[in-house]
Amino acid sequence: MPTVKKGEVAVSQNDFGLLVDEFVRNELRPGRNIVAEWMDEHIRKWWPLIEKYYQQHIITAIEVAVALDAPPRYGRQELRNKKMWEKIVKELRPARSEFTVKYACSKCKRENIKLWRDSHTFANHIELECATCLAPDAKVDDAGMWEDPGEFGMRTSQLKGKVPAIPVDDSYWGYSSVPSQDIEWWQNLPTYPMEKK
Ligand SMILES: [Zn+2]
């Protein structure tokens, strides 16, 4: 058992996670101006000692702060050190979720391509479809977005009543609860097969 040295204190792992979570949230308030190198160095040192639960809290807090800082800001003070926060999220968040579902289009059988799924069906009945099979008339961009004429030309990732199929374990993330690393995985898949580009 390591002993506590002079100038050190011992806290429970749970308390430690709570303290770092509160500290990070405080530093995320608009106008705060923490030194990027200091934060970068310390959060990396702390990270392995923080429980998964608080790690997720911290990642989410940073992602929300960065998203809220997107213009228009309506006179609100900006989030300082945005690049630092974005880097911290990218480097400390967990790896993309593992999955066991067969990720292939049910029509053309293509793999390694963005797929969409029905939103209200049990996982074992879901028919995955690629953009080519699902909506041949739609122009879906590289990020999986298009302007849906049925929705007054609103840009959306929903396609002909289907939602992005982002797998986790033997199922799919709910439409509004996907972790950012898994959204990016889906966005980075090609939208159309290479030969059609
Ligand atoms: Zn297909």
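Two residues are taken to be in contact if their C-beta atoms, placed from the backbone, lie within 7 Å. The exercises below concern a predicted model.

**Exercise 1. Determine which residues Gly17 touches, and whether Gly17 is buried or exposed.**

Solution.
Step 1. Locate the residue: Gly17 belongs to helix α1.
Step 2. Apply the contact criterion, leaving out residues up to four places away in sequence: Gly17 touches Ile50, Glu51, Tyr53 and Tyr54.
Step 3. Count neighbours. A residue is buried if 20 or more other C-beta atoms lie within 10 Å of its own. Gly17 has 21 other C-beta atoms within 10 Å and is therefore buried.
Step 4. Add a C-alpha distance: Gly17 and His57, 40 residues apart in sequence, are 9.5 Å apart in space.

**Exercise 2. Test the length of helix α1 against expectation, and establish how its buried residues are arranged around the axis.**

Solution.
Step 1. Helix α1 covers residues 13-27, which is 15 residues. At 1.5 Å a residue, the helix should span 21 Å.
Step 2. The end C-alpha atoms of α1 are 21 Å apart, in agreement with that expectation.
Step 3. List the buried residues of α1: Gly17, Val20, Val24 and Glu27.
Step 4. Viewed down the axis of α1, these buried residues fall within an arc of 100°, so they line one face of the helix.
Step 5. Identify the partners: the buried residues of α1 pack against α2 (36-46) and α3 (52-68).
Step 6. Turn to the other side of α1, where Asn14, Asp15 and Asn26 are exposed.

**Exercise 3. Describe the order of the secondary structure elements and decide whether the chain is compact or spread out.**

Solution.
Step 1. The chain contains six helices and six strands.
Step 2. Read from the N terminus, the elements follow the order α-α-α-α-β-α-β-β-β-β-β-α.
Step 3. Compare the radius of gyration with the globule rule. The chain has a radius of gyration of 21 Å, well over the 16 Å that the rule gives for 197 residues, so the chain is more spread out than a compact globule.
Step 4. Consider the extents: along its principal axes the C-alpha trace spans about 70 × 45 × 30 Å.
Step 5. Consider the domains. The domain assignment gives domain 1 (13-92) and domain 2 (116-196), and the C-alpha centres of the two domains lie 30 Å apart.
Step 6. Complete the description with burial and contacts. Buried residues make up 18% of the 197 residues. Of the contacts with a separation of 6 or more, 64% are between residues 24 or more positions apart.

**Exercise 4. Identify the members of the largest nonpolar core that touch the most other members, and examine Leu134.**

Solution.
Step 1. The largest nonpolar core has 15 residues. Those touching the most other members are Leu115, Trp116, Cys130, Ala131, Leu134, Leu159 and Ala165.
Step 2. Take Leu134 and set aside residues up to four places away in sequence: Leu134 touches Trp116, Glu129, Leu159, Lys160 and Lys162.
Step 3. Note a further core of 10 residues, lying apart from the largest one and including Val24, Leu28, Trp85 and Ile88.

**Exercise 5. Characterise Lys109 and Asn112 by backbone angle, location and exposure.**

Solution.
Step 1. Lys109 has a positive phi of about 70° although it is not a glycine. Asn112, likewise not a glycine, has a positive phi of about 55°.
Step 2. Place the residues: Lys109 lies in the loop between α4 (82-92) and β1 (116-118), and Asn112 is found in the loop between α4 and β1.
Step 3. Apply the cut-off for exposure, which is 12 or fewer other C-beta atoms within 10 Å. Lys109 has 9 C-beta neighbours inside 10 Å and so counts as exposed. Asn112 has 10 other C-beta atoms within 10 Å and is therefore exposed.
Step 4. Relate Lys109 to Leu128: the two are 19 residues apart in sequence, with their C-alpha atoms 9.5 Å apart.

**Exercise 6. Describe the surroundings of Asp148.**

Solution.
Step 1. Asp148 lies in strand β2 (residues 146-148).
Step 2. With 17 other C-beta atoms within 10 Å, Asp148 is partly exposed.
Step 3. Beyond residues up to four places away in sequence, Asp148 touches Met154 and Thr156.
Step 4. The C-alpha atoms of Asp148 and Gln181 are separated by 26 Å, the two residues being 33 residues apart along the chain.

Terms used: Residues are numbered from 1 along each chain as its sequence is written. This is a predicted model: local features need pLDDT of at least 70, side-chain atom pairs count only at pLDDT 80 or more; totals for chains, interfaces and linings use all residues. A nonpolar core is a set of buried Ala, Val, Leu, Ile, Met, Phe, Trp, Tyr and Cys residues joined through C-beta atoms within 7 Å. Helices (H or I, at least four residues) and strands (E, at least two) are DSSP runs, numbered from the N terminus. The expected span of a helix is 1.5 Å times one less than its number of residues. The arc is that of the directions from the helix axis to the C-beta atoms. Domain bounds come from an automatic or database domain assignment. The radius of gyration is taken over C-alpha atoms; the globule rule is 2.2 Å times the number of residues to the power 0.38.
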